[in-house]
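This report covers helix packing and internal voids in one protein model. Please read it alongside the sequence and the coordinates.

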Amino acid sequence: MASWAKPEYRRSEVDRAAKLLASDHFLWGYDRAEALAIVNNWRSAHSFPLNTFRVWLHRHSRAITPDALVAQRIKRLSSIIAKLSRYPKMKFTRMQDVGGCRSVVENVQQVHELVRAYDTSRLRHSRVRVDDYIKSPPQSGYRGVHLVYRYNSDKDDTYDGLRVEIQIRSRLQHLWATAVETVGTFVRQALKASQGEEKWLKFFTLASAVIAEHEGTPKVPGTPSGTTALRDQLIELDMFDQLSRYDLALSASVHDNFPKNSQYYLLRYEFASRKIFVMGYKQKHLDYAMQHYQEAERDSGVDAVLVSAESLDALRKAYPNYYKDTTEFIVNLQWLLSPRVLD
């Protein structure tokens, strides 16, 4: 059985420690190493409630479509610090996506069906909010539905109050979102947060509009009407070749080392060598996985993440951005823009 971490610090201590890491300024009574230990304990404590939500999500996603991809992850420290830096008034203990699980279904209709399953369920956990980015996409072009829940137990209050975010996307929405993260890693820009080179930001906004046209859902306000007009602007930007070169640079760069029946995978991307290393862990070794995850995050030349998936194949499909893989996104976008589809 997994050794589940438990919260060991008061919320005020956790928020103070996170503020130190985000501001990099000295706070009375803390040093950086102590602050890091406190923040990492809070992150690790989300593993148990996150696993609970993933089990429910997996069961109901597969009831809708047997090909659903379901996975989970603990938010990266770099992402936490970046988010707290962007929103200085935010409290870390109220951050809704420290623990996140994701379901990728085939189409928008199935997204809505899965959301309705939550609406009609008898979950004892409290829903905090719903963000429907399909109905109202932000300027970046991101689309999907996010459900945020506060964990509640009728047996043990150890994890009560911890928040988990559930992301539900169609396959095309998922390919778009992971491509944004992949390119953001390569160019070292926060494209996901609408920060970075204008040509990339515009490219992904237009690409999102193409997918929205295909799915029959609202586009980002201000984007052209009709796929033909969108295609013309995308061609004018001339970003496809650059996007394809990223895949070629990593075509044979994945090295795997893990036991059979692994439930957790640590992915380490080394910026200098452009290589990805994958280590697998069984459920009972989750504490070691978290320890190795935290060690990898201390290396500024590494982009690391710890995720859970049914298999290595499911992991690659659920998180292609962690493999720096945009192949399927390119193929699908070019198909949507082809004259045959437009006609």
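Which helices and strands each supply at least two residues of the lining of the largest cavity? They are helix H3 (47–64), strand E1 (69–74), H10 and strand E9 (302–308). Helices (H or I, at least four residues) and strands (E, at least two) are DSSP runs, numbered from the N terminus.

The model is predicted, so local features need pLDDT of at least 70 and side-chain atom pairs count only at pLDDT 80 or more, while totals for chains, interfaces and linings use all residues. Residues are numbered from 1 along each chain as its sequence is written, and side-chain values use heavy atoms, with hydrogens and water left out.

**Cavities and a pocket**

On a 1 Å grid over the protein atoms alone, a cavity is a set of points where a 1.4 Å probe fits but cannot get out; a pocket is an open set with protein on both sides within 12 Å along at least five of seven lines; lining residues have an atom within 4 Å of a point. A volume is the space filled by probe spheres set on the points, which are joined across faces, edges and corners. By this definition there are 5 cavities of 30 Å³ or more in the structure.

| Space | Volume | Nonpolar lining residues | Polar | Charged |
|---|---|---|---|---|
| Largest cavity | about 70 Å³ | 7 | 3 | 1 |
| Second largest cavity | about 50 Å³ | 6 | 2 | none |
| Second largest pocket | about 290 Å³ | 6 | 2 | 8 |

In these classes Ala, Val, Leu, Ile, Met, Phe, Trp, Tyr, Cys and Pro count as nonpolar, Asp, Glu, Lys and Arg as charged, and the others, Gly among them, as polar.

Residues lining the largest cavity include Ser47, Leu50, Arg73, Tyr264, Met290 and Val307. The second largest cavity is lined by Ser140, Trp176, Val180, Leu191, Trp200, Leu201, Phe204 and Thr205. Helix H6 (171–187) and helix H7 (198–215) each give at least two residues to that lining, and the largest share, 4 residues, is from H7.

The second largest pocket has a volume of about 290 Å³. It has 16 lining residues, of which Asp67, Leu69, Val104, Arg171 and Lys317 are the closest to its centre. Strand E2 (99–105), H6 and helix H11 (312–318) are the elements that give two or more residues to this lining.

**Helix packing**

Two packed helices are described by the angle between their axes and the distance between the axes. Axes are lines fitted to C-alpha atoms, for helices over the stretch in contact, and angles run from 0 to 180 degrees between N-to-C directions.

Helix H2 (residues 32–44) and helix H10 (residues 286–297) have axes that come within 11 Å and cross at roughly 135°. H2 is therefore oblique to H10; angles under 35 degrees count as roughly parallel, over 145 as roughly antiparallel, 65 to 115 as roughly perpendicular and the rest as oblique. The crossing is right-handed, a term used if the near helix is turned clockwise from the far one by less than a right angle, anticlockwise being left-handed. Asn40, Arg43 and Ser44 of H2 meet Met290, Tyr293, Gln294 and Glu297 of H10, where contact means heavy atoms within 4.5 Å. This contact has 2 nonpolar, 3 polar and 2 charged residues.

H3 packs with helix H5 (residues 108–119) at an angle of about 135°, the axes being 10 Å apart. These two helices are therefore oblique to each other, and their crossing is right-handed. Trp56, Leu57, His60, Ser61 and Ile64 of H3 make the contact with Gln110, Glu113, Leu114, Ala117 and Tyr118 of H5. By class, the residues of this contact are 6 nonpolar, 3 polar and 1 charged.
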